[in-house]
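Thanks for coming. I will walk through one protein today, starting with its overall make-up and then going through how its parts pack.

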Amino acid sequence: MLEKAPLWERIRVLRDEVLNTAELGDLDTVGGEVFDAVVRWLLSQGETNPGLDLTLHEAINQRLAWGDPESVVLANADSVCKRLLESAYRALRAPVERMAIAEAVSEVGTVVARIVASASLGRAGRERAAVLREEVMQIRLNDALERQQSEIAALEKALDPNS
């Protein structure tokens, strides 16, 4: 009797379909980190403490660091999750397996959203701090210019013989 392959292996087979590699090619697998995270989540599903998926964190942070806008990263993750759910629904017949895929997709999608939100908050905080530093420097510069103007006026008055 043939033994059924684990769920994560059967889902991994859908990678090309989900990532549209036939249309986009292997080099442009945007969202591949999301698909791989779902497979890793399914692989570690029985563990008591699967922990954080640092590979996913690094991949998302790298995309953001290279200039991908947060909205694009989220849209790619959403697209991959939707295509994976559709493909898994066609490929799997057991409702329990379909629910496991839906749970994995929702977990990974949530993690991606949390990573992007944290990165956005950090960037916004850094940008706000930079604006505040610039405002403080402008105030200091204006104060220095006012002091310099009053000193120049005092020196001109001291040098003026008619005063």
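**Seven helices and how some of them pack**

The protein has seven helices and zero strands. Read from the N terminus, the order of elements is therefore easy to say aloud: α-α-α-α-α-α-α.

Please keep in mind that this is a predicted model. Its mean pLDDT is 84, and 87% of the residues reach 70 or more. The confidence varies by element: helix α3, residues 21-24, has the lowest mean pLDDT, at 55. The highest belongs to helix α7, residues 95-159, with a mean of 92.

Two more overall values. Of the 163 residues, 26% count as buried. If we take contacts between residues at least 6 apart in sequence, 68% of them join residues at least 24 apart.

Now the packing. Two packed helices are described by the angle between their axes and the distance between the axes. I will go through three pairs, and helix α5, residues 54-65, takes part in each.

Start with α4, residues 32-43, against α5. The angle here is about 170 degrees, and the axes are 10 Å apart. Angles over 145 degrees count as roughly antiparallel, so α4 is roughly antiparallel to α5. On the α4 side, the contact uses Glu33, Val34, Ala37 and Arg40. On the α5 side, those residues meet Thr55, Leu56, Ala59, Ile60 and Arg63. By class, this contact has five nonpolar residues, one polar and three charged.

Next, α5 with α6, residues 70-91. How far apart are the axes of α5 and α6, and at what angle do they pack? The axes are 9 Å apart, and the angle is about 140 degrees. The two helices are therefore oblique to each other, and their crossing is right-handed. From α5, the contact is made by Ile60, Arg63 and Leu64; from α6, by Glu70, Val72, Val73 and Asn76. Those residues divide into four nonpolar, one polar and two charged.

The third pair is α5 with α7. These helices pack at an angle of about 45 degrees, with axes 10 Å apart. That pair is therefore oblique as well, and the crossing of α5 and α7 is right-handed. In α5, the residues involved are Leu56, His57, Ile60, Asn61 and Leu64. In α7, they meet Val108, Val111, Val112, Ile115, Val116 and Ala119. How many charged residues does the contact of α5 with α7 have? It has no charged residues; there are nine nonpolar and two polar.

If you want one residue to follow through all this, take Ile60 of α5. Ile60 is listed in the contact with α4, in the contact with α6 and in the contact with α7.

Last, a single residue in α7: Glu97. Is Glu97 buried or exposed? Its relative accessible area is 14%, and buried means under 20%, so Glu97 counts as buried. Leaving out residues up to four places away in sequence, Glu97 touches Lys4, Leu7, Arg10 and Leu92. Leu7 is worth finding on the screen. Glu97 and Leu7 are 90 residues apart in sequence, and their C-alpha atoms are 7.4 Å apart in space.

To recap: the helix to look at for packing is α5, which packs with α4, with α6 and with α7. That is what I have for today.

Note on methods:
Residues are numbered from 1 along each chain as its sequence is written. This is a predicted model: local features need pLDDT of at least 70, side-chain atom pairs count only at pLDDT 80 or more; totals for chains, interfaces and linings use all residues. Side-chain values use heavy atoms; hydrogens and water are left out. pLDDT is the predictor's confidence in each residue, from 0 to 100. Helices (H or I, at least four residues) and strands (E, at least two) are DSSP runs, numbered from the N terminus. Axes are lines fitted to C-alpha atoms, for helices over the stretch in contact, and angles run from 0 to 180 degrees between N-to-C directions. Angles under 35 degrees count as roughly parallel, over 145 as roughly antiparallel, 65 to 115 as roughly perpendicular and the rest as oblique. A crossing is left-handed if the near helix is turned anticlockwise from the far one by less than a right angle, and right-handed if clockwise. Contact means heavy atoms within 4.5 Å. Ala, Val, Leu, Ile, Met, Phe, Trp, Tyr, Cys and Pro count as nonpolar, Asp, Glu, Lys and Arg as charged, and the others, Gly among them, as polar. Buried means under 20% relative accessible area, exposed over 50%, partly exposed in between (1.4 Å probe, protein chains only).
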